Amino acid sequence: MTKRFRFLPIATFLGFAFLYIPIIVLVVFSFNKSKLVTVWGGFSTHWYGELLQDPQILGAAWISLRIAFISASLALVLGTLAAFVLTRLGRFWFKPMLSGMTAAPLVMPEVITGLSLLLLFVAMESMFGWPAGRGFTTIVIAHTTFCLAYVAVVVQSRLSDIDESIEEAARDLGAKPVRVFFDITLPTIAPALMSGWLLSFTLSLDDLVIASFVSGPGASTLPMVIFSKVRLGVSPEINALASLMIGVVALGVGLAAWQLLKSPRTKPVE
Amino acid sequence: MTESIVNSKPFQWTARFLARFGLSGKGLVIAVPTLWLLVFFLIPFIVVLKISFAEAMIARPPYSKLVQGTESGFALNFSFLSYQYLVEDGLYLAAYGSSLRIAFFSTIFALLVGYPMAYFIARSSGRWRNILLMLVIMPFWTSFLLRVYAWIGILKGNGYINNLLMSIGIINEPLVMMQTDFAVYIGIVYTYLPFMILPLYANLVKLDGSLLEASSDLGARPFTTFLTVTLPLSLPGMLAGCMLVFIPVVGEFVIPALLGGPDTNMIGRVLWDEFFRNRDWPTASAVAIIMLLVLVLPIMLLQKAQDGQNRSETL
């Protein structure tokens, strides 16, 4: 017994070290004075200043944030509807197909999703004249589609966890289905909706491949700009940008963890 | 508040208007997500399939039409040129082969690293379990692209590892790690590890402790118990985790593009180059169709694993 329990903590510790050392190194060297990213030349916040004066990065960040906000919100509505349909509305003939279509974007390689959506947009444009050209709108549609799947998974697992008898009771007392949904179901699944939206927002903000396929001139997202810079090599500016983004996430996760530990009775929402 | 929405005039009018077309609230609720996914997920694949049978040409869009109006009606121009090209040019087959190989081995590595972690987290108690789980999930929320980028600084010729080893004096010449398959494996295992740990954890946490006790009471040593009880019971979790890593890795583009060398030939990268560099849409489509066919079996396995997970949940 003792032997195995010594192996496990060490393996786990090494695993977490593997996961976190690159992130820590990245953050530490974002405060490096030297232009050579990998050689320490003293503490400085110089690169954060550079970053905040780079119009290309700031512009791309603003586009990405807007796309992420709209896509996450659309995906929240559509994904919640899909999850509700799959868990609450019984059987209908195309249910297996709908269930497959909501789960498949999760594992579909991004190059395939990107290529197929682009070809669809091109075909639609030549047939209906919409969407005219590609850019902001087409990225929003593409991101909504794959984020929808993540929302659906998160909400579905929450919906199948909660006690249906309260909803039944409301129905028995004469509440219309719409009212049951808004007054009982929605407040119960609110934490799942929150994490679904946040997850979608992050995924949209992070997507490079799909956006590259469906984007057009004038709509370069933040990952597209980062990718083109990173291809030329490591740059201290990107380190600063990465640290800022990691900082925001760490803050958010930290707050969530604090909430979670404060009230140990609520179940963790993943 | 909801009551006022439901009872408001516009809401009732809309409901009555829709009901006239046979659309009840329920029908509408089903129709909206279904239509969205139909148009933006399923139909695109049909378009890809169609274009894979076209021929590349210099036009806008850059491919030939499948159905052409001629003097005597219509002519169908199905071309298998792209597929023929894929089979005859060794590059594509080699790329499929090396994608599958890299996906296979990185899945195994991720399993070897992830299993002990998932097991440890599942066995640890309340508060610790939540903290560790949070630590596994957190990388999910950090930029994938930037986490891959972090490894460039670590692995490159004058990167952190080489600087460290050379300053201690273990090596005199920098090790070549960037732009190799080694870097690609590191990048993949690093970014996909949480996808392996989470389904494994979900499975292992439900493992009935009394089974382990029974096994040890009957005299089995811990390792035997692990091999004969824990491991077989965690098969659905292992399968789900492996497929969640394997399937997206086969089509991975970012990691081989940033960490791999010119000879790291993965099919996602080939598709990208075919599309963006050669502007050959039919060949890119054919590459995607074959990739989908290759992935059908793993996707079915994943479905089966998840059904297995769900069934064991209800039992």
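Let me begin with chain B, where buried residues make up 42% of the 315 residues, and let me say straight away that what we are looking at is a predicted model. The secondary structure of this chain comes to 15 helices and two strands. If we take the contacts in chain B with a separation of 6 or more, 70% of them are accounted for by residues that lie 24 or more positions apart.

As an example from chain B, please find B:Met243, which lies in helix H12, residues 235-250. Is B:Met243 buried or exposed? With 25 other C-beta atoms within 10 Å, B:Met243 is buried, because the threshold for that description is 20 or more. Leaving aside residues up to four places away in sequence, B:Met243 touches B:Pro298, B:Leu301, B:Leu302 and B:Ala305. B:Asp307, which is 64 residues from B:Met243 in sequence, lies 14 Å from B:Met243 in space, C-alpha to C-alpha.

Now I turn to the place where the two chains meet. The contact draws 74 residues from chain B and 69 residues from chain A. On the side of chain B that touches chain A, helix H3 of chain B, residues 25-52, gives the most, with 18 residues. Sorted by class, that side of chain B has 57 nonpolar, 13 polar and four charged residues.

One part of this meeting can be followed helix by helix. Helix H4 of chain A, residues 95-107, packs with H3(B) at an angle of about 55 degrees, and their axes are 10 Å apart; that angle makes H4(A) oblique to H3(B). The crossing of these two helices, H4(A) and H3(B), is left-handed. From H4(A) come A:Leu98, A:Met101, A:Thr102 and A:Pro105, which meet B:Thr34, B:Leu37, B:Phe41 and B:Leu42 in H3(B). By class, the contact of H4(A) with H3(B) has six nonpolar, two polar and no charged residues.

Let us stay with chain A and look at helix H9, residues 190-206, beside helix H6, residues 136-161. Their axes come within 9 Å and cross at roughly 155 degrees, and H6(A) and H9(A) are therefore roughly antiparallel to each other, since angles over 145 degrees count that way. H6(A) passes H9(A) in a right-handed crossing. Among the residues that meet here are A:His143, A:Cys147 and A:Arg158 in H6(A), and A:Gly196, A:Leu199 and A:Leu203 in H9(A). The residues of this contact of H6(A) with H9(A) divide into nine nonpolar, five polar and one charged.

How many of the 17 residues of H9(A) are buried? Twelve of them are, so H9(A) is largely enclosed by the rest of the structure. The buried residues include A:Trp197, A:Phe201 and A:Asp206. What covers the buried residues of H9(A) comes from both chains, and includes helix H3 (55-88), H6 and helix H11 (222-230) of chain A, together with helix H6 (126-141) and helix H7 (144-155) of chain B.

I will finish with a check on helix length. At 1.5 Å a residue, H9(A) should span 24 Å, and its end C-alpha atoms are 24 Å apart, which agrees. For the 19 residues of helix H5 of chain A, residues 110-128, the expected span is 27 Å and the end C-alpha atoms are 26 Å apart, which again agrees. Just after H5(A), A:Gly129 takes a positive phi of about 80 degrees.

Key:
Residues numbered from 1 in each chain as written. Chains lettered and ligands numbered in written order. Predicted model: local features only at pLDDT ≥ 70, side-chain atom pairs only at ≥ 80, totals over all residues. Contact = placed C-beta atoms within 7 Å. Helix = DSSP H or I, 4+ residues; strand = E, 2+ residues; numbered from the N terminus. Nonpolar A, V, L, I, M, F, W, Y, C, P; charged D, E, K, R; others polar. Expected span 1.5 Å × (residues − 1). Axes fitted to C-alpha atoms, helices over the stretch in contact; angles between N-to-C directions. Parallel < 35°, antiparallel > 145°, perpendicular 65-115°, else oblique. Left-handed = near helix turned anticlockwise from the far one by under 90°.
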